[in-house]
Amino acid sequence: MRLTLLALLAKEPAHGYELKQALEQIFGGAYPSPNIGQIYVTLGRLEKDGLVRAVDVEQSNRPNKKVYYLTAAGREILDTWVDEPTEGPRVRDEFFMKLVLAPMTGIADRMAMINRQRRHYLGLMRDLNELAERTDPENRVALLLVEGAMLHVQADLDWLERCQEDLS
């Protein structure tokens, strides 16, 4: 959440509700929008850490609002985040650890575990398909996010099939 808000503030200063609206507009329903309280708590921490600064803006018919600006320190953090590669495939996969160790100790059946995990992945895929159908076709960002998630789940299903073949 921290880096997401910093990225939005790199575009332009904003107050919390504008940041929430921007997230909803950019990602649609594909990315669960945080609640406004979470946004303001995060902005408070970013301000405390010197990554943003807040300016009170007077409003005639409402209470004053805080508009947040990215600081130079915030820009440095953001530049580092953008320049660093994102975490790749996980070698320490929790399900795989269970799949190997549980049957060795006699506490679980490997095929039952594989079938349960497959049902879970198929449920996720069904949910993602429904989300894709509900997503505005004009929102390419949201559709790409959903498509990426679907490709990851499909890869997990393919890998699960491979585990079943090699470990049975």
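**Questions on a predicted model**

Reader: What share of the span of residues 91-167 is helix?

Author: In this predicted model, the end C-alpha atoms of residues 91-167 lie 17 Å apart. The UniProt record, an unreviewed entry, gives this span the annotation "domain: Transcription regulator PadR C-terminal". Strand accounts for 0% of the span, and the share of helix is 84%.

Reader: How far apart do the end C-alpha atoms of residues 5-78 lie?

Author: Residues 5-78 carry the feature "domain: Transcription regulator PadR N-terminal" in UniProt, again from an unreviewed entry. The span is 53% helix and 16% strand. Its end C-alpha atoms are separated by 10 Å.

Reader: Is the pair of Y17 and Y40 stacked or edge-to-face?

Author: A search of the whole structure returns 3 aromatic pairs. For Y17 and Y40, the ring centres are 6.1 Å apart and the planes stand at 65°. An angle over 60 degrees is the criterion that applies here, so the pair of Y17 and Y40 is edge-to-face.

Reader: How many residues apart are Y17 and Y40 along the chain?

Author: Y17 belongs to helix α2 (residues 16-27), whereas Y40 belongs to helix α3 (residues 36-48). The pair therefore links distant parts of the chain, with a separation of 23 residues.

Reader: To which accessibility class does Y40 belong?

Author: The limits of the middle class are 20% and 50% relative accessible area. Y17, at 48%, falls between them and counts as partly exposed. Y40 has 30% relative accessibility, so its class is likewise partly exposed.

Reader: What is the angle between the planes of F95 and W159?

Author: F95 and W159 form an aromatic pair, with 6.4 Å from centre to centre. The arrangement is edge-to-face, and the angle between the planes is 75°.

Reader: Which helix holds W159?

Author: F95 lies in helix α5 (residues 94-105), and its partner W159 is 64 residues away along the chain. The pair thus links distant parts of the chain, and the helix that holds W159 (residues 140-167) is α7.

Reader: Is F95 buried or exposed?

Author: W159 has 29% relative accessibility and counts as partly exposed. F95 has a relative accessible area of 9%. Because the cut-off for burial is under 20%, F95 is buried.

Reader: Which residues form one aromatic cluster?

Author: The pair of F95 and W159, edge-to-face in arrangement, is part of this group. The cluster consists of F95, F96 and W159.

Reader: Which helix gives the most to the lining of the largest pocket?

Author: The largest pocket has a volume of about 290 Å³. Its lining consists of E87, G88, P89, R90, V91, D93, F96, H152, D156 and W159, and F96 and W159 also belong to the aromatic cluster. By class, the lining has 4 nonpolar, 2 polar and 4 charged residues. With 3 residues, the helix that gives the most is α7.

Reader: How many residues of the lining of the second largest pocket come from α2?

Author: The second largest pocket holds about 200 Å³ of space and is lined by L8, K11, E12, P13, A14, E18, L19, A22, Q25 and I26. These residues divide into 6 nonpolar, 1 polar and 3 charged. Both α1 (2-11) and α2 supply at least two residues. The largest share comes from α2, with 5 residues.

Reader: How far apart in space are V141 and I26, C-alpha to C-alpha?

Author: V141 is located in helix α7 and, at 39% relative accessibility, is partly exposed. I26 is among the residues lining the second largest pocket. In sequence V141 and I26 are 115 residues apart, but their C-alpha distance is 6.7 Å.

Reader: How far apart in space are E24 and A142, C-alpha to C-alpha?

Author: E24 sits in helix α2 and is partly exposed, with a relative accessible area of 36%. Along the sequence, 118 residues separate E24 and A142. Their C-alpha atoms are separated in space by 9.8 Å.

Reader: What distance separates the C-alpha atoms of A108 and K98?

Author: A108 is in the loop between α5 and α6 (110-134), and it is partly exposed at 26% relative accessible area. A108 and K98 are 10 residues apart along the chain, and the distance between their C-alpha atoms is 8.9 Å.

Key. Residues are numbered from 1 along each chain as its sequence is written. This is a predicted model: local features need pLDDT of at least 70, side-chain atom pairs count only at pLDDT 80 or more; totals for chains, interfaces and linings use all residues. Side-chain values use heavy atoms; hydrogens and water are left out. Rings of Phe, Tyr and Trp (its six-membered ring) pair if their centres lie within 6.5 Å; planes under 30 degrees apart count as stacked, over 60 as edge-to-face and the rest as tilted. Helices (H or I, at least four residues) and strands (E, at least two) are DSSP runs, numbered from the N terminus. Buried means under 20% relative accessible area, exposed over 50%, partly exposed in between (1.4 Å probe, protein chains only). UniProt positions are given in the numbering used here, feature names are shortened, and annotations may be inferred rather than shown by experiment. On a 1 Å grid over the protein atoms alone, a cavity is a set of points where a 1.4 Å probe fits but cannot get out, and a pocket is an open set with protein on both sides within 12 Å along at least five of seven lines; lining residues have an atom within 4 Å of a point. Grid points are joined across faces, edges and corners, and a volume is the space filled by probe spheres set on the points. Ala, Val, Leu, Ile, Met, Phe, Trp, Tyr, Cys and Pro count as nonpolar, Asp, Glu, Lys and Arg as charged, and the others, Gly among them, as polar.
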